[in-house]
Amino acid sequence: MIDASIEYKSIIMRCDRIDKSAYLELPSGVEAVFYKEGMETVWAKVQKAAGEFSEASVSDAAACFMERYGARQQELSERCLFLKEQETGRYIGTCMAWFEQKNGERVPVLHWLAVDDAYAGNGYARMLITQVMKLFERFAKGQKIYLHTQPCSYKAIKLYNDFGFSITKTDTYGTAVNEYEEAMPLLKRHITAETYEKLLQTALL
């Protein structure tokens, strides 16, 4: 669940070494499936059910997805994941093992993690991240992995940290802005002192 009441500030995190002790495998009855043509509506529904695109319709969110990724169908079919309940056919969450530009080079980026609020608190976000990190082990072995987030996703930030992602003070990628100094006081209000101290101690330049 995204806490939309928290002010937006851009946070960049980077994983220099994956902590595989954070991995969580899929339970019986849940499968990981890749994007197929037409699943932009599924993606949009999951994102909205997780609190994203709150002011937009499903069709508008799907159109946003297609505008940004529609021309990259092959990449989507290999790196855009969904978790699905086998018995009901319902989609639980989604995440991408994507790539963006940094100083003229491609860098791996964990992108658009979302879990339907109806499934929150059951470890599915951890399962999705596990699946994406395994893809990066294949497609981007040894590379530093990035992600972009914000203070309202403070629960996810703690989870990312478990996998070896650290908040960066200045580093960024693509067009993402790093607002470390402004974001940290916002985070401090919503996480435990222990979690906040760990984020400070593991922060990178």
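**Helix 5, its surroundings and the pockets**

Asp-162 sits in helix 5. The model is a predicted one, and this helix is a handy place to start looking around it. Helix 5 is mostly covered, with seven of its nine residues buried. The buried set is made up of Tyr-154, Ala-156, Ile-157, Leu-159, Tyr-160, Asn-161 and Asp-162. Asp-162 is therefore a charged residue that counts as buried in this helix. Its side chain makes a polar contact of 3.0 Å with the side chain of Arg-126. With neighbours within four places in sequence set aside, Asp-162 is in contact with Arg-126 and also with Asp-19, Ala-22 and Lys-198. Just after helix 5 comes Gly-164, which takes a positive phi of about 105°.

Next, the nonpolar interior. The largest nonpolar core holds 46 residues, and those touching the most other members are Leu-110, Met-133, Tyr-160, Phe-165, Ile-167 and Leu-187. Helix 4 gives this core its largest share, eight residues. Tyr-160, one of the residues in that group, is also one of the buried residues of helix 5. As for Leu-187, contacts beyond its neighbours within four places in sequence are with Ile-11, Pro-151, Tyr-154, Ile-157, Ile-167 and Leu-199. Two of these partners, Tyr-154 and Ile-157, are buried residues of helix 5, while Ile-167 is another of the residues with the most core partners. There is also a second, separate core of 15 residues, with Val-33, Phe-53, Ala-61 and Phe-82 among them.

Now to the open spaces. The largest pocket takes up about 1,000 Å³. It is lined by 41 residues, and Leu-113, Ala-114, Ser-153, Ala-156 and Tyr-160 are the closest to its centre. Two or more lining residues come from each of strand 5 (105–115), helix 4 (124–139), strand 6 (145–149) and helix 5 (154–162). By type, the lining of this pocket splits into 22 nonpolar, eleven polar and eight charged residues. Tyr-160 thus turns up again: besides its place by the pocket centre, this tyrosine belongs to the largest nonpolar core, because buried Tyr residues can be core members.

The second largest pocket comes in at about 180 Å³. Cys-15, Asp-16, Arg-17, Ile-18 and Lys-20 line it, along with Phe-136, Glu-137, Ala-140, Lys-141, Gly-142, Gln-143 and Ile-145. Here the lining divides into five nonpolar, two polar and five charged residues.

A few backbone spots also deserve a look. Asn-103 is not a glycine, yet has a positive phi of about 55°. This asparagine is found in the loop between strand 4 and strand 5, and counts as exposed because its relative accessibility is 72%. Trp-112, also not a glycine, has a positive phi of about 55° too. Trp-112, though, has its place in strand 5, and at 23% relative accessibility it counts as partly exposed.

Finally, Glu-87 is found in the loop between strand 3 (80–85) and strand 4 (91–102). Its relative accessible area is 78%, so Glu-87 is exposed. Along the chain Glu-87 and Gly-29 are 58 residues apart, but their C-alpha atoms are separated by 6.8 Å.

Key:
Residues are numbered from 1 along each chain as its sequence is written. This is a predicted model: local features need pLDDT of at least 70, side-chain atom pairs count only at pLDDT 80 or more; totals for chains, interfaces and linings use all residues. Side-chain values use heavy atoms; hydrogens and water are left out. On a 1 Å grid over the protein atoms alone, a cavity is a set of points where a 1.4 Å probe fits but cannot get out, and a pocket is an open set with protein on both sides within 12 Å along at least five of seven lines; lining residues have an atom within 4 Å of a point. Grid points are joined across faces, edges and corners, and a volume is the space filled by probe spheres set on the points. Helices (H or I, at least four residues) and strands (E, at least two) are DSSP runs, numbered from the N terminus. A nonpolar core is a set of buried Ala, Val, Leu, Ile, Met, Phe, Trp, Tyr and Cys residues joined through side-chain atoms within 4.5 Å. Buried means under 20% relative accessible area, exposed over 50%, partly exposed in between (1.4 Å probe, protein chains only). Contact means heavy atoms within 4.5 Å. A polar contact is a pair of N or O atoms within 3.5 Å; within protein, one must be able to donate a hydrogen and the other to accept it, and residues adjacent in sequence count only if both atoms are side-chain atoms.
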